[in-house]
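Subject: Handing over the structure we spoke about

Dear colleague,

Here is the structure I promised to pass on to you, together with some notes on what I found when going through it. Please keep it open beside this email as you read.

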Amino acid sequence: MVTMADVARMAGVSTATVSHVLNGTRPVRASTRETVLSAVAATHYTPNTVARSLATAKTTTMGLVLSAISNPYFGELLHAAESAAAAAGYTLLLVDPHEDPEYELTVVTRLHHHRVDGVVLAPSARPEAALAYLARHEVPTVLLDRLIDAGHDQVGSENREATAALTGHLADHGHTRIGLVAGLDGLSTTGERRDGHRDALRARGLPADPALEVSGASATGPARAAVHRLLALDDPPTAIVAGNNSMTIGVMQALRDVGLAVPRDVAVAAFDDFAWADLFSPRLTVVAQPFDEIAAAAVEMLLGRIADPEAPPATRRLAPRLVVRESCGC
């Protein structure tokens, strides 16, 4: 096995110089750096990352705890977070707690045992045990998408005003019976988007009919069933807001089940853009979240927390944008 000493011997430098070149721990003259890198390539030397992590107490790995990876929005977040982590020299370890608070604690514990340098967590509806574990073991942590309180570093979209804009857009097109297919109960995003929906109705003097608010549990199947309940009302909605893109698919399936056309029979608007939204017929009106910026901010904040564990916690809200297409009747 090729060692660092072999590389140093070929390059005619000390092992300390080789280490500084590979780890970036001290400036090295450009010509010396090129000589060392040429020797690394010629010998096919592979750094011992285990030994390095023992010496530095860093593994250059981050844990990403993200449920519902099949959700297109979370898939985009994952891709963007992996790119941001790689650019910073980190490897991302992904785990899916499946929205189960007990399993969430299990996967967080496993990441800690793998000695990750920090964790980015999209918390479940009941994340208290996982957060307590991370705090107890002083694991640098950033909350993603689902924001809880100012006691943690956290980053996500602004949800309330964005949903108000979505519902308000439908109301401004003459709809007075607007259904909401809301996400999983207990998630901060669900509550914020529900509040925004109600804000828009209130601002226009429209009643917030509880019968028009149904839970789609943040998933396609439950959303499909929820829309069937809406359509069975004596006075069904003429427009529907879907609380995320997985539920949007369920909404469209349910309308197809009963032969209703969008937007002729029912207008549809949704929180979250995704690749096929512009390919649906009709093309979907949505609120588009800035997932690239959210993921990059999460990685940046985690690196900052790793570097300075005593810094005060910060919350960052990024503004989504309303994308008007044809599904609302425009």
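The notes below go from the whole chain to its sheets, then to the helices, and end with a single residue.

**The chain as a whole**

Please bear in mind throughout that this is a predicted model. The protein chain holds 12 helices and 12 strands, and its C-alpha trace spans about 85 × 40 × 30 Å along the principal axes. Of the 330 residues in the chain, 49% are buried. If you take the contacts in the chain with a separation of 6 or more, you will find that 69% of them are between residues 24 or more positions apart.

**The sheet with parallel pairing**

One open sheet has six strands in the order S2-S1-S3-S4-S5-S11, and its pairing is parallel. Strand S2 (91–95) and strand S11 (315–318) are at the edges, and because each has a single partner strand, one side of each is left without a neighbour in the sheet. On average, neighbouring strands of this sheet are turned by 20 degrees against each other, if direction is ignored.

To see one pairing in detail, look at strand S1 (residues 61–65) and strand S3 (residues 118–121), which are joined in the parallel sense by four bridges; here Met62 is found opposite Gly118 of S3. Helix H5 lies across S1, S2 and strand S4 (141–144), and it runs at about 155 degrees to S2.

**The sheet with mixed pairing**

Another open sheet of six strands follows the order S7-S6-S8-S9-S10-S12, this time with mixed pairing. Its edge strands are S7 (213–215) and S12 (321–323), each of which pairs on one side only, and the twist from one strand to the next averages 20 degrees.

Strand S10 is a good place to see what "mixed" stands for. Strands S9 (residues 267–271) and S10 (residues 285–288) pair in the parallel sense over three bridges, and Phe271 has Val287 in S10 as its bridge partner. S10 and S12, in contrast, run antiparallel and are joined by three bridges, with Val286 opposite Val323 of S12.

Which way do the residues of S10 point, and are they buried or exposed? In a regular strand the side chains alternate between the two faces of the sheet. In S10, Thr285 and Val287 point one way while Val286 and Ala288 point the other way, and all of them are buried.

Two helices can be placed against this sheet. Helix H8 (residues 160–171) packs on the sheet and touches strand S6 (178–182), strand S8 (239–242), S9, S10 and S12, with a direction that makes about 170 degrees with that of S9. Helix H10 (residues 220–231) lies across S6, S7 and S8, and runs at about 150 degrees to S7.

**Two pairs of helices**

Helix H5 (residues 72–87) packs with helix H12 (residues 291–307) at an angle of about 45 degrees, and their axes are 8 Å apart. The two helices are therefore oblique to each other, and H5 passes H12 in a right-handed crossing. Among the residues that make the contact are Tyr73, Leu77 and Ala81 of H5, and Phe291, Ile294 and Val299 of H12. By class, this contact has 11 nonpolar, no polar and two charged residues.

Helices H10 and H11 (residues 245–257) also pack at an angle of about 45 degrees, with axes that are 7 Å apart, and so these two are oblique to each other. H10 passes H11 in a right-handed crossing. The contact includes Ala223, Val227 and Leu231 of H10, together with Met247, Ile249 and Val251 of H11. Here the count by class is eight nonpolar, five polar and three charged residues.

**One residue in a loop**

Finally, where is Ser218 placed? Ser218 is in the loop between S7 and H10. Its relative accessibility is 16%, so Ser218 counts as buried, given that buried means under 20%. Leaving aside residues up to four places away in sequence, Ser218 touches Ala182, Gly183, Leu184, Leu187, Asn244, Ser246 and Met247. One of these, Met247, also takes part in the contact of H11 with H10.

With best wishes

Technical notes: Residues are numbered from 1 along each chain as its sequence is written. This is a predicted model: local features need pLDDT of at least 70, side-chain atom pairs count only at pLDDT 80 or more; totals for chains, interfaces and linings use all residues. Side-chain values use heavy atoms; hydrogens and water are left out. Two strands pair if DSSP finds at least two bridges between them. Axes are lines fitted to C-alpha atoms, for helices over the stretch in contact, and angles run from 0 to 180 degrees between N-to-C directions. Contact means heavy atoms within 4.5 Å. Angles under 35 degrees count as roughly parallel, over 145 as roughly antiparallel, 65 to 115 as roughly perpendicular and the rest as oblique. A crossing is left-handed if the near helix is turned anticlockwise from the far one by less than a right angle, and right-handed if clockwise. Ala, Val, Leu, Ile, Met, Phe, Trp, Tyr, Cys and Pro count as nonpolar, Asp, Glu, Lys and Arg as charged, and the others, Gly among them, as polar. Buried means under 20% relative accessible area, exposed over 50%, partly exposed in between (1.4 Å probe, protein chains only).
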